[in-house]
Amino acid sequence: MSYIEFDKNQLINLGYSLKRELLRSNRAGAYSSRTIIGCNTRKYHGLLIAPQPGVDNENHVLLSNLDEVVIQHDAGFNLGIHKYPGGVYNPGGHKYIRDFNTEPIPNILYRVGGVLLRKEMIFAESHDRIMIRYTLEDAHSATKLRFNPFLAFRNIHKLSKANFNVNDKYSRVPNGIKMRLYNGYTPLFMQFSKEVEYHHAPEWYYNLEYQEEMDRGYDFQEDLMVPGFFEAEIKKGESIVFIAGTSEVNPMGIKRSFSNEIKKRTPR
């Protein structure tokens, strides 16, 4: 039984779901925070927010969001959601959500045609690291997952704007890449539990809006850097774990680390 329950029939209702938020933190001072459907509505939202001693020792948003795309028969279905000017929400990935609960960790169930994909999120207890597990519970055709990371690299009290000073170069690490958009920052490592393809195609996404900041009368538009995308095949019953953190990990231990983190949160 979950201590916190949500109306499953209202999850695709933005008026309902955008007012419900998640916050996960660790002992190192880092945290992850967003709405339950993954659309950021505050400048303090992000998947990985961590102190940056080389900049100002305050919290900074490194990884703002991660859009997942389910691909079958060369057709892509984007599970992400962002707000843009004019009240436009794009892509509308929330319409694929069928369930959400918080026990033992936050997890979302998506249905895309014959695909059932479960997404589970956990924040490492002692490291600046967000971990996300994707499990393909059902599929009737060959399936791929594509991952588009949205990077910010800015103080939680400020907003990112497109500029020519950004370093959009990357270095390969086992099953992933590392990037550092600006000097002084710790690198961001993005890795997977299995080998993936990475396609580098840096691009700015302009004027993402944060509704809560708009309502409060603060600056509310931001530009985010999407350096490229990862892609991997996934089979029915298979799980893939994505990790974003400020230190490199051994991909061989990613799934075990995820399971160990869950055990720490499971009541005995």
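How many aromatic pairs does the structure hold? The structure holds ten aromatic pairs, a pair being two rings of Phe, Tyr or Trp (its six-membered ring) whose centres lie within 6.5 Å. The views below come from a predicted model, in which local features need pLDDT of at least 70 and side-chain atom pairs count only at pLDDT 80 or more, while totals for chains, interfaces and linings use all residues. Residues are numbered from 1 along each chain as its sequence is written, and side-chain values use heavy atoms, with hydrogens and water left out.

**View 1. An edge-to-face pair of Phe 77 and Tyr 96.** The two ring centres are 6.4 Å apart and the planes stand at 90°, where planes under 30 degrees apart count as stacked, over 60 as edge-to-face and the rest as tilted. Phe 77 belongs to strand 5 and Tyr 96 to the loop between strand 7 (88–89) and strand 8, so that 19 residues separate them along the chain; helices (H or I, at least four residues) and strands (E, at least two) are DSSP runs numbered from the N terminus. Phe 77 is partly exposed at 30% relative accessible area, whereas Tyr 96 is buried at 15%; buried means under 20%, exposed over 50% and partly exposed in between, for a 1.4 Å probe and protein chains only.

**View 2. The tilted pair of Phe 192 and Phe 242.** The ring centres lie 5.1 Å apart with the planes at 55°, so this pair counts as tilted. Because Phe 192 is in strand 15 and Phe 242 in strand 18, the pair ties together parts 50 residues apart in sequence. Both Phe 192 and Phe 242 are buried, and ring pairs link them into a cluster whose members include Tyr 134, Phe 147 and Tyr 170.

**View 3. The largest nonpolar core, with Leu 188 and Phe 242.** This core has 54 residues, and Leu 188 and Phe 242 are those with the most contacts inside it; a nonpolar core is a set of buried Ala, Val, Leu, Ile, Met, Phe, Trp, Tyr and Cys residues joined through side-chain atoms within 4.5 Å. A second, separate core of twelve residues includes Ile 49, Ile 156, Leu 159 and Val 226. In soluble globular proteins, nonpolar side chains tend to be buried together.

**View 4. An open sheet of eight strands, with helix 3 across some of them.** The strand order is 8-9-10-11-18-15-14-13 with antiparallel pairing, two strands being paired if DSSP finds at least two bridges between them. Strand 8 (97–101) and strand 13 (171–173) are the edge strands, each pairing on one side only. Strand 14 (residues 176–179) and strand 15 (residues 188–192) pair over four bridges, and Lys 178 has Phe 189 as its bridge partner in strand 15.

**View 5. Glu 261 in helix 3.** Glu 261 is buried, with a relative accessible area of 8%, and its side chain reaches the backbone nitrogen of Glu 125 at 3.3 Å. Leaving aside neighbours within four places in sequence, Glu 261 is in contact (heavy atoms within 4.5 Å) with residues including Ile 122, Phe 123 and Met 131.

**View 6. Thr 35 in strand 2 (residues 31–35).** Thr 35 counts as buried at 1% relative accessibility, and its side chain reaches the backbone oxygen of Cys 39 at 2.7 Å. Beyond neighbours within four places in sequence, the contacts of Thr 35 include Ser 17, Arg 20 and His 45.

Conventions: Axes are lines fitted to C-alpha atoms, for helices over the stretch in contact, and angles run from 0 to 180 degrees between N-to-C directions. A polar contact is a pair of N or O atoms within 3.5 Å; within protein, one must be able to donate a hydrogen and the other to accept it, and residues adjacent in sequence count only if both atoms are side-chain atoms.
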